[in-house]
Amino acid sequence: MSDTIRLIIDTDPGQDDAAAILMAHGLAKRELIDFMALTAVAGNVGINLTARNARIICDWANEKEFPVYAGADKPLLRGLVTAEEVHGSSGLDGVELHDPQCPLKSGHAVTYLIDTLRAAEDNSIVLCPIGPLTNIAQVLSLAPDCVRAIKRIVLMGGNYFEAGNITPAAEFNFYCDPHAAQIVLQSGAPITILPLDVTHKATITTPRMDVLRRLDNANGPRLAGILQSYERYDIQKFGTEGGPLHDPCAVAYAVFPELFKGRECHVAVETQGELTMGACVVDWWGTTGKTPNALWITEVDADKLFEQIAESIAVLP
């Protein structure tokens with residue numbers, strides 16, 4: 001398919017990252033994307049664990065030769081803040097883990113991304129960062145010429161209408177590396193942001209998990225177990241019917257943008273505030289007159305989103 005979406009996921013797995021990566025492998029089997037590689041970044045847990053977890057998830061999809069590259073082990077200017085209290089000490093609580101068979105590629109994720117983008121045609125590759133933006137910011141800083149090859153950056157991060165989930169003001173990915181987020185937003189690349197404003201509308205309900213649990217494969221029940229382990233933290237914290245499913249929203253938008261609605265806005269990230277570090281300032285009403293630099297998503301057809309997740313998981317082993 002000449003119009004198949006060429007996709008690279010930058011990730012810090014993480015339980016909802018596992019759902020996003022498995023969904024992407026399923027979308028590739030459905031011939032809806034050309035899933036090119038995974039690049040790992042430190043975030044939910046340290047880089048050694050995120051790179052290991054990415055490879056374990058590829059094993060689950062029976063993609064034991066899939067290209068996985070390790071990238072930044074800490075944010076650009078801050079110490080690493082992790083989220084073991086959400087994802088567990090391994091980053092993938094709720095499931096039995098094994099030593100990955102999928103090998104880690106030699107070379108740094110940032111080098112791989114620069115080389116790949118420089119070799120690509122204009123507007124040909126979708127980058128889907130679902131962790132802190134450290135790797136992507138390094139690519140765009142070291143090689144600004146790479147922007148021409150980026151069809152779109154579709155990222156999960158940030159918040160505006162929803163309160164923060166790591167501090168009262170900030171979402172975890174942007175808080176973890178706010179300077180990287182601001183570099184990406186100022187890069188001139190086409191950007192779509194899937195913030196907490198929309199991911200909190202995609203909730204992990206029992207009926208939606210039952211669909212996965214009933215799939216006649218290993219990955220449906222496995223993913224239901226991972227996500228129901230993960231959602232306990234959010235149900236307790238937010239008092240919702242089910243925890244929000246963040247990262248698969250970004251992968252889904254890359255393939256099914258019609259399931260989402262948002263607005264082109266100017267978005268900036270706070271990099272200095274003591275109380276507001278990592279918070280987004282979204283010019284929703286255009287009051288500053290600044291040119292929009294991102295499509296800020298606020299609505300999702302959650303039922304159809306979970307149908308596409310289930311269809312993609314169903315074609316896996």
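# Close-up views of a predicted model

**View 1. Leu-49 and its surroundings in helix H2.** Leu-49 counts as partly exposed because its relative accessibility is 27% (buried means under 20% relative accessible area, exposed over 50%, partly exposed in between, with a 1.4 Å probe and protein chains only). The model is predicted: local features need pLDDT of at least 70 and side-chain atom pairs count only at pLDDT 80 or more, whereas totals for chains, interfaces and linings use all residues. Residues are numbered from 1 along each chain as its sequence is written, and side-chain values use heavy atoms, with hydrogens and water left out. Helix H2 holds Leu-49 (helices are DSSP runs of H or I with at least four residues, strands are runs of E with at least two, and both are numbered from the N terminus). Leaving aside residues up to four places away in sequence, Leu-49 touches Ser-89 and Ser-90 (contact means heavy atoms within 4.5 Å). The C-alpha atoms of Leu-49 and Ser-90 are separated by 6.8 Å, although the two residues are 41 apart along the chain.

**View 2. The crossing of helices H1 and H2.** The axes of H1 and H2 (residues 47-60) come within 10 Å and cross at roughly 40 degrees (axes are lines fitted to C-alpha atoms, for helices over the stretch in contact, and angles run from 0 to 180 degrees between N-to-C directions). H1 and H2 are therefore oblique to each other (under 35 degrees counts as roughly parallel, over 145 as roughly antiparallel, 65 to 115 as roughly perpendicular and the rest as oblique). Their crossing is right-handed (the near helix is turned clockwise from the far one by less than a right angle; anticlockwise would be left-handed). From H1, the contact uses Ala-18, Ile-21, Leu-22 and His-25; from H2, Ile-57, Cys-58 and Trp-60. By class, the residues of this contact are 6 nonpolar, 1 polar and no charged (Ala, Val, Leu, Ile, Met, Phe, Trp, Tyr, Cys and Pro count as nonpolar, Asp, Glu, Lys and Arg as charged, and the others, Gly among them, as polar).

**View 3. Helix H4 against helix H5.** H4 (residues 109-119) packs on H5 (residues 134-142) at an angle of about 55 degrees, the axes being 9 Å apart. The pair is therefore oblique, and the crossing of H4 and H5 is right-handed. On the H4 side the contact consists of Ala-109, Val-110, Leu-113, Ile-114, Leu-117 and Arg-118; these meet Asn-135, Ile-136, Gln-138, Val-139 and Leu-142 of H5. The contact of H4 with H5 holds 8 nonpolar, 2 polar and 1 charged residues.

**View 4. Helix H5 against helix H7.** H5 and H7 pack at about 45 degrees with their axes 8 Å apart. H5 and H7 are therefore oblique to each other, and their crossing is left-handed. Thr-134, Ile-136, Ala-137, Leu-140 and Ser-141 of H5 meet Ala-180, Ile-183 and Val-184 of H7. The contact of H5 with H7 divides into 6 nonpolar, 2 polar and no charged residues. Ile-183, in H7, counts as partly exposed because its relative accessibility is 29%. With residues up to four places away in sequence left out, Ile-183 touches Leu-76, Ala-137 and Ser-141.

**View 5. The buried residues of H5 and their partners.** Thr-134, Asn-135, Ile-136, Ala-137, Val-139 and Leu-140 are the buried residues of H5. They pack against strands S1 (5-11), S2 (33-40), S4 (125-129) and S5 (150-156), and against helices H4 and H7 (178-185).

**View 6. The nonpolar cores.** The largest nonpolar core has 62 residues, of which Ile-9, Leu-38, Leu-194, Leu-212, Phe-260 and Leu-305 touch the most other members (a core is a set of buried Ala, Val, Leu, Ile, Met, Phe, Trp, Tyr and Cys residues joined through side-chain atoms within 4.5 Å). Helix H1 (residues 15-29) supplies the largest share of this core, 8 residues. Apart from it lies another core of 41 residues, including Leu-113, Leu-127, Leu-140 and Ile-153.

**View 7. Backbone details in three loops.** The peptide bond from Pro-13 to Gly-14 is cis, with omega near 0 degrees; Gly-14 lies in the loop between S1 and H1. Asn-62, in the loop between H2 and strand S3 (68-70), has a positive phi near 60 degrees. Asn-123, in the loop between H4 and S4, has a positive phi of about 50 degrees.
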